[in-house]
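Visitor: I would like a close look at one strand pairing, and then at how its surroundings are put together. Please keep it brisk.

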Protein chains: 4
Amino acid sequence: MTTHRFSPTAFYNTLGSHPPALRIADGDTVIAETVDARGFDRHGNKPGERPNPMTGPFFIEGAEPDDTLVVNIGAIRMTRPTGWTFQVLSPNVVDPGAVSRFPEREKTEWIIDIAANRARLQSPPPSLKDWSVAVEPMIGCFGVAPDMGQAISTATSGRYGGNMDYRGFCTGVDVMFPVSVPGALFYLGDVHAQQCDGEIVGTGIETAAEVTFSVKVVKGKAIGWPRGRNATEIFTVGNARPLDQALQHATTEMLDWLIADYGLDEVAASHIMGQAVRYDIANVFNPAYSVACRIALDALKGVTRYAS
Amino acid sequence: MTTHRFSPTAFYNTLGSHPPALRIADGDTVIAETVDARGFDRHGNKPGERPNPMTGPFFIEGAEPDDTLVVNIGAIRMTRPTGWTFQVLSPNVVDPGAVSRFPEREKTEWIIDIAANRARLQSPPPSLKDWSVAVEPMIGCFGVAPDMGQAISTATSGRYGGNMDYRGFCTGVDVMFPVSVPGALFYLGDVHAQQCDGEIVGTGIETAAEVTFSVKVVKGKAIGWPRGRNATEIFTVGNARPLDQALQHATTEMLDWLIADYGLDEVAASHIMGQAVRYDIANVFNPAYSVACRIALDALKGVTRYAS
Amino acid sequence: MTTHRFSPTAFYNTLGSHPPALRIADGDTVIAETVDARGFDRHGNKPGERPNPMTGPFFIEGAEPDDTLVVNIGAIRMTRPTGWTFQVLSPNVVDPGAVSRFPEREKTEWIIDIAANRARLQSPPPSLKDWSVAVEPMIGCFGVAPDMGQAISTATSGRYGGNMDYRGFCTGVDVMFPVSVPGALFYLGDVHAQQCDGEIVGTGIETAAEVTFSVKVVKGKAIGWPRGRNATEIFTVGNARPLDQALQHATTEMLDWLIADYGLDEVAASHIMGQAVRYDIANVFNPAYSVACRIALDALKGVTRYAS
Amino acid sequence: MTTHRFSPTAFYNTLGSHPPALRIADGDTVIAETVDARGFDRHGNKPGERPNPMTGPFFIEGAEPDDTLVVNIGAIRMTRPTGWTFQVLSPNVVDPGAVSRFPEREKTEWIIDIAANRARLQSPPPSLKDWSVAVEPMIGCFGVAPDMGQAISTATSGRYGGNMDYRGFCTGVDVMFPVSVPGALFYLGDVHAQQCDGEIVGTGIETAAEVTFSVKVVKGKAIGWPRGRNATEIFTVGNARPLDQALQHATTEMLDWLIADYGLDEVAASHIMGQAVRYDIANVFNPAYSVACRIALDALKGVTRYAS
């Protein structure tokens with residue numbers, strides 16, 4: 001149960017079978033630095049390149065293909081008093097006929113007031129001079145090496161995780177990834193100080209951070225898509241285009257979860273899901289969109305667990 | 001400010017320019033009975049036909065094309081101790097390869113315990129014998145006559161409202177519809193005792209009800225899609241397939257709202273939306289899917305209203 | 001087997017249960033005038049209104065719900081030496097990031113040289129001064145009254161036909177529509193002198209015309225979507241968004257056709273379709289997109305017709 | 001201008017920066033053996049693994065990032081008298097409610113009569129005992145190494161080519177790929193003896209082959225997506241889901257082509273495309289669907305080439 005401090009010296013723009021940056025044991029904790037989506041670190045230096053340069057990979061001893069890697073997200077500490085966003089909605093989230101109403105996309109700077117836990121525009125338009133948002137940090141891009149020897153751009157996502165840009169990936173969540181290679185090869189980066197549903201300006205408030213996480217390997221348990229659990233709910237994430245297909249993936253993964261772990265069949269699981277499911281549109285910007293399918297633990301009360 | 005009691009004797013399966021069932025004044029309140037999605041009333045009689053037989057239309061005096069009709073949803077009272085759902089997930093919400101895992105779709109009966117405000121399956125599988133859900137009533141299908149003399153099936157939805165099946169259409173919400181014909185011609189029905197996001201079994205818990213609503217006409221204000229406001233947030237609803245397009249409609253409508261009513265331009269509105277928007281997938285079952293774009297009133301704090 | 005000449009005095013912008021403009025017998029032929037998509041006739045007068053004002057409805061004696069109406073498209077004669085298009089690609093058919101490269105959409109006039117059977121821009125840019133296109137007339141919008149008493153805008157389409165904008169609806173084709181009301185109530189209009197796949201500028205070359213068609217009722221045969229047959233192939237048309245769903249409708253309808261009329265089961269029909277199907281993207285502009293699924297008659301050679 | 005004969009000893013299941021199997025010069029020709037989609041060769045041995053094991057990569061001397069690689073497809077010779085398909089339509093190409101009508105997917109064997117150039121089922125159902133199809137070979141999967149050091153599964157496709165499964169990739173076509181790495185690293189395999197539009201059973205008639213191709217490097221010309229040219233037309237291919245987005249990519253690439261090479265601006269190019277574009281749905285089965293946007297050379301007659 002060692003705690004490691006890790007400051008990356010190399011960054012990757014693909015999730016793939018790159019040489020391990022650190023080998024850690026099942027149960028270990030890591031406090032890792034991450035740079036922002038364009039590679040700027042806490043000091044404003046630029047050791048990484050866009051898109052979404054990754055810290056890692058971490059080789060988790062004992063993780064083998066068809067296991068599940070559980071990553072507990074601990075503290076996400078802001079390490080830089082600045083962040084950036086784009087200043088207009090992405091052209092794909094408005095009606096095609098409205099696209100021409102927007103000026104060209106530009107980076108905009110934000111001030112992150114770490115003490116107050118608020119972020120505000122550095123040069124706001126007059127209408128927003130008194131406006132700010134809460135800092136609620138989340139991990140934009142993280143995951144494990146994909147199967148088949150693939151190395152896939154950190155701009156997109158898949159069964160292995162990747163650039164899901166889901167605000168639900170925040171402190172206190174256990175995230176599960178399907179392991180495809182020995183050691184799992186876990187990567188993380190692209191922290192956002194805040195982000196709406198859908199990441200509809202194409203960014204959160206992009207910044208550098210220090211993320212604490214710990215890992216656990218569940219042997220012999222294969223899952224299909226990333227899953228999560230927090231204090232009040234369980235959720236699955238599907239990544240694809242259009243949103244309809246991302247939703248199909250997330251819904252099917254939740255169905256499989258309820259059947260496998262709660263002793264239900266397709267009909268009983270449908271009854272619960274049909275009254276209790278909540279969906280989040282995580283991002284509707286990246287090459288693969290992401291949809292989360294959630295169920296409150298409360299909604300599972302009264303279920304007789306045959307399996308247990 | 002009259003309060004009317006209305007028990008329908010005829011039902012419509014299209015939203016269109018049908019003869020008014022009741023003429024009411026701007027500001028009036030109506031307590032109206034509705035039957036379930038297949039036409040069964042509080043007594044189990046079947047005065048209506050599927051799909052979603054509508055109570056109405058109500059002719060609101062003074063409402064003209066390009067006005068906005070505001071409908072405040074008051075109490076939604078359950079009038080029948082039973083409801084029904086389908087028992088399996090709809091084939092379009094799971095991976096195509098998983099469709100064959102489900103038995104054929106069948107109606108399933110639920111007991112609605114009005115005193116306890118809970119609903120449970122009448123003949124649950126053993127795994128669900130102790131499982132129940134809260135009753136949180138909502139209106140599945142409501143809206144006004146569409147433009148161009150159209151009469152459109154209550155199975156689907158559009159700018160005029162219709163079968164949006166959004167759990168956010170519940171007690172306490174002000175819903176805004178764009179008026180296309182004199183008198184607006186407002187219809188309602190298809191109440192659900194409970195429903196998940198997405199209406200993924202193809203139904204909520206379908207039942208008969210008594211709905212209290214009041215109307216207000218905003219003269220000379222034209223909106224593009226249904227809007228809503230409750231105690232904590234404002235929202236817009238877009239109806240289309242795929243989800244991506246429903247989201248584009250809802251997002252563009254929210255953009256237009258912020259610009260028109262909050263004195264913002266495209267950039268300032270984008271800044272707010274980019275950190276504050278929440279999306280709900282209302283239904284992913286009907287011919288047109290529905291997506292809600294929400295913004296908390298809290299997230300608008302600090303905005304300088306030029307316009308006001 | 002009467003031949004009627006029909007010059008409309010009223011036009012409709014919905015396909016619905018409007019009063020018959022002319023009653024005709026099974027087997028009759030009609031030579032009918034149509035106006036262009038904005039209501040301009042052969043003389044440049046404007047007796048109709050946008051969108052797509054319809055000539056009709058024609059009440060076909062003997063047609064009843066669940067019959068099939070077969071419309072043979074005969075000559076489509078250009079009656080006006082001018083037409084019009086939009087001058088830029090529709091924003092929904094290019095990458096969202098490319099939308100802002102185009103100027104605002106404007107009507108552009110074309111000269112239709114009826115003798116030469118060619119069309120050219122009235123005021124071409126220098127690069128196109130020697131460029132012209134063949135005149136290959138087609139019917140943009142036609143169909144029958146939909147079910148459930150609906151009246152649906154001629155901007156869109158459905159099982160009943162409508163604004164499918166398919167260049168395959170041209171002289172020599174037998175088109176089949178599912179009948180939903182007594183008399184079928186057939187409408188037509190919106191002739192194009194030429195149109196690409198997809199109708200990607202949002203119009204064909206829109207013009208007035210005189211269309212000859214004859215009708216035949218197939219009693220007791222219910223179909224799901226419009227079908228067609230020409231000298232070399234059979235085809236089905238599905239109308240929906242996104243293209244994926246329009247394709248699903250057309251493919252399922254072709255499957256049902258092969259099974260019902262060629263004595264095949266799902267497997268045998270799949271074998272043929274899997275090597276022989278051709279798809280046309282009819283339009284990718286209207287509220288419902290249209291996809292045609294085609295099979296050459298040659299590809300059906302050697303099929304043993306159990307049913308016959 | 002050397003002609004190489006190449007028999008692969010290793011196969012790849014990703015397009016990526018693997019070590020060159022053969023270095024060839026700009027202008028060279030290669031006669032290369034390919035195995036089928038599951039790795040079976042001409043003798044029925046299985047030296048490769050699914051999915052779509054690739055022959056290559058071929059390092060083309062002089063090719064650098066932002067050049068274009070032109071691959072001329074010469075003879076595609078069938079080397080095995082057998083092939084295979086799946087026997088039912090893929091669940092994603094029919095209405096979701098029709099999926100359960102099909103039996104489970106199974107491989108089905110075909111006889112390829114090389115002399116007669118026809119293919120027929122080895123054990124046909126009675127209805128198809130006299131039915132056969134023409135052999136019209138095409139390359140299912142080919143392309144170059146993607147950018148950013150990615151290695152991407154041969155199940156899918158992107159800007160770099162890949163598993164596009166387009167029947168237009170046949171003898172006589174010049175195919176253009178955007179080069180992302182030194183030497184381009186060209187791969188090919190997955191030949192089909194026949195395939196419909198859409199690859200709607202999930203396969204063509206999968207078989208081994210011997211493909212003759214020659215390469216040419218166009219220096220300093222960067223393209224966005226695969227392009228092709230044959231005796232009668234030019235075309236572009238977009239790869240994405242849903243079909244709508246694949247179509248947007250292909251359409252935008254064609255627009256860029258016309259502007260760059262034919263001296264047109266957005267309006268003039270739109271005029272041509274708006275009357276002349278044809279679309280092919282190449283595949284609607286793989287993780288990324290593929291759509292081709294075609295223009296007949298005849299449709300470009302009369303265009304004044306400012307640029308030339």
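Which residue stands opposite B:N239 in β22(B)?

Guide: B:S290 stands opposite B:N239. This is a predicted model, where local features need pLDDT of at least 70, side-chain atom pairs count only at pLDDT 80 or more, and totals for chains, interfaces and linings use all residues. Residues are numbered from 1 along each chain as its sequence is written, while chains are lettered from A and ligands numbered from 1 in the order in which they are written.

Start with the pair itself. Strand β20 (233-240) and strand β22 (289-296) of chain B run antiparallel, joined by eight bridges. Strands are DSSP runs of E with at least two residues, helices are runs of H or I with at least four, and both are numbered from the N terminus. Two strands pair if DSSP finds at least two bridges between them.

Now the sheet around it. In chain B, nine strands form an open sheet with mixed pairing, in the order β1-β4-β18-β6-β15-β19-β20-β22-β21. The edges are β1 (3-6) and β21 (278-283) of chain B; each has a single partner strand, so one side of each lacks a neighbour in the sheet. From one strand to the next, the twist averages 25 degrees.

A helix lies across this end. Helix α1 (243-262) of chain B crosses β19 (227-229), β20, β21 and β22 of chain B, and runs at about 140 degrees to β20(B). Axes are lines fitted to C-alpha atoms, for helices over the stretch in contact, and angles run from 0 to 180 degrees between N-to-C directions.

The α1 helices of chains C and D pack together. Their axes are 7 Å apart, at an angle of about 120 degrees. C:L243, C:D244 and C:L247 meet D:L243, D:D244 and D:L247; contact means C-beta atoms, placed from the backbone, within 7 Å. This contact has four nonpolar, no polar and two charged residues. Here Ala, Val, Leu, Ile, Met, Phe, Trp, Tyr, Cys and Pro count as nonpolar, Asp, Glu, Lys and Arg as charged, and the others, Gly among them, as polar.

Next, symmetry. A turn of 180 degrees, with a shift of 0.0 Å along the axis, lays chain C on chain B at an RMSD of 0.0 Å. That is the relation of a two-fold axis. The C-alpha of C:A151 is the nearest to that axis in chain C, at 2.4 Å. Superposition is by least squares on C-alpha atoms of residues with pLDDT of at least 70 in both copies. The contact takes 13 residues from chain C and 13 residues from chain B. On the chain C side these are five nonpolar, seven polar and one charged.

Chain A also superposes on chain B, by a rotation of 180 degrees with 0.0 Å of shift and an RMSD of 0.0 Å. In chain A, A:L243 comes closest to the rotation axis, at 3.0 Å by C-alpha.

Last, the domains of chain A. The assignment, automatic or from a database, gives domain 1 (3-81 + 135-218) and domain 2 (227-300). Their centres, taken over C-alpha atoms, are separated by 22 Å. In chain A, 19 residues of domain 1 touch 19 residues of domain 2. β15(A) gives the most to the domain 1 side, with three residues. That side divides into seven nonpolar, eight polar and four charged residues.

Technical notes
Contact = placed C-beta atoms within 7 Å.
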